Amino acid sequence: MTKVRTVFGCQNCGYQSPKWLGKCPDCGSWNTFVEEQFSRAAERSASSISISGQDIPPQSILTIETSDEGRIKTEISEFDRVLGGGLVTGSIVLIGGDPGIGKSTLLLQALDRLGRKRISVLYVSGEESLRQTKMRADRIGVFSQTLYVLAENSLEKIIEDIQKLKPKVAVIDSIQTMFTSQLQSAPGSIGQVRECAGRLMLLSKSTGLSTCLIGHVTKEGAIAGPRVLEHMVDTVLYFEGDRGHPYRILRAVKNRFGSTNEIGVFEMKDGGLEEVANPSELFLAERPIDVAGSVVISSLEGSRPILVELQALVSSTSYGMPRRTAIGVDPNRVSLLVAVLEKKVGMNLAQQDIFVNVAGGVRVEEPAVDLGVVSAVASSFLDKPIPSKTMVIGEVGLAGEVRGIHQAEVRMKEAFKLGFKRCLLPRSNLSRIKSGFDGIELIGVGSVEEALETLF
Ligand code: TYD
Ligand code: MG
């Protein structure tokens, strides 16, 4: 008889305990412990596989050979860029996102592109039947012969098929629906998720197979069975976006083979996801012209400047407590900037509700948008529009000073490309900007007061 070890695992962080606990001592969450059983044989077999597949002694770092052929390009350039230039052979990528955001669609499209290059690829679905996958494939127009589909939940069966078929890339959709018979807990529990991901990782490292795992995201915004998986895999990507908007952003949060600053922008259409090569144009397409409270700002997503519209609405409050609501920007930052406007510019906003929103469902998390927030709020409060071909960038300090931002020149170039006529930027940045912006008026400002005087 195989010996079975019973442990209780926290479903939130993976902490293990020999007895049941109400509260996890590691992450502090309540009622997350579930009984999991491991067989000793399974643990031994897992620990005896090495990641290189062979028994290699320690080597001098100078003698290890590397090659550049290690990347497979999917030819979806937005996807490749986020990966750092393509899928690395033998790597394991986790792609998380809300249900219905388009994870399955994106990866099926990527596999199709690879298949068209005659690369053998495998799509394993644990959620949909072969017919359902085929229906999706028809919708997005899949034409490749070397794209194989498998509807399976058993990890042992999947590994066996991978070893037989020997694909170059495999997609597991999703890791939460897979189970190994060596554990008795239910699919989706942290033990199963970790064990399945671990086994697939060893398979990838030892055979050079690139694996993409699709992971669901919990309500709190973490990939279910989260931290354990994020540690294990090479790359973690999040596919995010607002359900009400067609735009989707693919973001790298961890990448052992590339920068985590890159994003890819897609638009969900009837025939699948389409790359958006120029996101600024898209985000500015529906901007109202000469309306108070709207301003164009520049947000740097990785090495990529994106122009987006920021809107503010200031209206007198009907309750004792004025409301401050911010979507797409940090609400605390908005409160801070409103306080600066009150104290340093003398605007009386105490009896005003203030709503701030970034159009298109985009999130900007940079201090460079501060001056934009200040301008939009002031514009709405004064009911004076900011001219439509004006971009505003700069960080605002508590003393009302406008501070320099990084990569100002890159942002200016994007504005220039889109035909902007005027740009308000921190004075310290202006002095460092080289020429090459003919036809765009650059105005350096040192304080919020100065900026508002220039604008209104
Ligand atoms: P899906 O890839 O199934 O999402 P996930 O795997 O992240 O759960 O995407 C499903 C949504 O995308 C669904 O609401 C329909 C929409 N969709 C389109 O708009 N166009 C398409 O071509 C496809 C395939 C899906
Ligand atoms: Mg799916």
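**Close-up views of a predicted model**

**View 1. A nonpolar patch on the surface of the predicted model.** Three residues, I61, L62 and I64, make a nonpolar surface patch of about 390 Å². One of them, I64, is found in the loop that runs between helix α1 (40-47) and strand β4 (71-72). I64 counts as partly exposed because its relative accessibility is 47%, a value that falls between the limits of 20% for buried and 50% for exposed residues.

**View 2. The division of the chain into domains.** The chain is divided into domain 1, which covers residues 1-47, domain 2, which covers residues 71-277, and domain 3, which covers residues 282-455. When the centres are taken over C-alpha atoms, domain 1 and domain 3 are separated by 50 Å.

**View 3. The largest nonpolar core.** This core has 46 residues, and those with the most contacts inside it are L310, V329, V356 and V377. Helix α10, made of residues 370-382, gives the most to the core, with six residues. At least three residues of the core are drawn from each of domain 2 (71-277) and domain 3 (282-455).

**View 4. The surroundings of V356, and a separate core.** If the neighbours within four places in sequence are left aside, V356 is in contact with L310, Q311, A312, T325, A326, I327, V329, V334 and V377. Apart from the largest nonpolar core, to which V356 belongs, lies another core of 31 residues, which includes I72, I214, L237 and L250.

Terms used
Residues numbered from 1 in each chain as written. Chains lettered and ligands numbered in written order. Predicted model: local features only at pLDDT ≥ 70, side-chain atom pairs only at ≥ 80, totals over all residues. Heavy atoms only, no water. Core = buried A, V, L, I, M, F, W, Y, C linked by side-chain atoms within 4.5 Å. Buried < 20%, exposed > 50% of the residue type's maximum accessible area, 1.4 Å probe, protein only. Helix = DSSP H or I, 4+ residues; strand = E, 2+ residues; numbered from the N terminus. Domains from an automatic or database assignment. Contact = heavy atoms within 4.5 Å. Patch = residues over 30% accessible without salt bridge, like charges linked within 9 Å, V, L, I, M, F, W, Y side chains within 5 Å. Areas by Shrake-Rupley, 256 points an atom, 1.4 Å probe, with all protein chains shown as cover. Salt bridge = Lys/Arg side-chain N within 4 Å of Asp/Glu carboxyl O.
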